[in-house]
There are 2 protein chains.
Amino acid sequence: MAKRNDAPGDRISEAEHAVMEVLWENSPMSASDVCDRVCAQRDWSMPTVKTLLSRLVSKGALGTEPLGRKFLYHPLIERSDYVGTESRRLVDRLFGGRAAPLFAQLAENEALSDKDLDEIEALLREMRR
Amino acid sequence: MAKRNDAPGDRISEAEHAVMEVLWENSPMSASDVCDRVCAQRDWSMPTVKTLLSRLVSKGALGTEPLGRKFLYHPLIERSDYVGTESRRLVDRLFGGRAAPLFAQLAENEALSDKDLDEIEALLREMRR
DNA sequence: CCATTCCGACTACGCATGTAAACCTTTTAT
DNA sequence: ATAAAAGGTTTACATGCGTAGTCGGAATGG
């Protein structure tokens, strides 16, 4: 197996991730639209969002499609891929690649709601089949 | 509530984390001993390890205790705290704070061994009580 | 005692990141 | 048509991080 990186380029930083989130939620979007959403959460200015968009494009995480003279941005990598890669990174780094200790950790920190427990149980049962 | 950071200072970077790992495994240790262990895994040189140790000390993650003219380093923060904080960060950032989607993600990526499943099931049963 | 060695502290440096201003071109409104 | 607005590109800059060299003092060996 080769690199597990979907984007040919580098890693997506945390700030960049916030931008990705809004584009994953609502796909082809212009820079100003992205700014509207993102700047509502983080307190960023337009130039900041522009920079992040550019970096994501050069990292191969976003693609652009010209609409008139404007650009529409859309993700080139799947959210599930990103999330999967990041999750695995954490599990590898902190738990020697084993998921059970992670689960135990979350349990200990009371980070598991009843709903979580139910859903996990359901998933478990499903996987057993 | 204030800051969720255990160490009064800043975050522990990934390289720093590697140093913390060896000290969590074997607590009061001199810089050269740390270097021996760490440099076996990552390909670092002594100065690099020294730098990381210093940074960890100034971040409040490590304490030093003079032994002769040498220093012995030991963790000031618990591994479980660090691991817990990091896990929660990831869950918050990627899964809206819910653990079940993380679990689903790992399941989908086949990141769960049979052993993991067994252990998680056991934990689940235990928590239900 | 003097040279070598060991060690911690300080300095260095390039790259990523967070954050943003300046600039240039094109469109739009007056 | 001309000024203003909109949008993408370039440049900027401080901080953090990965990685490492140098310095100065203490210990040790001869």
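**Entry 1: the contact of chain A and chain B**

I looked up the contact in this predicted model and found 40 residues from chain A and 41 residues from chain B taking part, with contact meaning heavy atoms within 4.5 Å. I noted that 100% of the interface residues of chain A are also interface residues in chain B, so the copies meet through the same surface.

I then looked up the area: the two chains bury about 3900 Å² between them, 60% of it on carbon and sulfur atoms. Buried area is the accessible area (1.4 Å probe) that two parts lose on being put together, summed over both. On the side of chain A, Arg93(A), Leu94(A) and Arg128(A) lose the most area to chain B, together 15% of what that side buries.

**Entry 2: conventions**

I record that residues are numbered from 1 along each chain as its sequence is written, and that chains are lettered from A and ligands numbered from 1 in the order in which they are written. Local features need pLDDT of at least 70, side-chain atom pairs count only at pLDDT 80 or more, totals for chains, interfaces and linings use all residues, and side-chain values use heavy atoms, with hydrogens and water left out.

**Entry 3: charged pairs**

I searched for salt bridges (a side-chain nitrogen of Lys or Arg within 4 Å of a carboxyl oxygen of Asp or Glu). The whole structure holds 18 over all chains, and the interface of chain A and chain B holds 12. Across the interface, Arg98(A) is paired with Glu119(B) at 3.4 Å, N to O.

Within chain A, I found Glu86(A) in a salt bridge with Arg11(A), the closest N and O atoms being 2.8 Å apart. This pair links distant parts of the chain, 75 residues apart: Glu86(A) lies in helix H4 of chain A and Arg11(A) in the segment before H1 of chain A.

**Entry 4: symmetry**

I superposed the copies by least squares on the C-alpha atoms of residues with pLDDT of at least 70 in both. Chain A can be laid on chain B with an RMSD of 0.1 Å by a turn of 180 degrees and a shift of 0.0 Å along the axis. The two copies are therefore related as by a two-fold rotation axis.

**Entry 5: domains**

I looked up the domain bounds, which come from an automatic or database domain assignment. Chain A is divided into domain 1 (14-75) and domain 2 (79-128). Their centres, taken over C-alpha atoms, are separated by 29 Å.

Key
Helix = DSSP H or I, 4+ residues; strand = E, 2+ residues; numbered from the N terminus.
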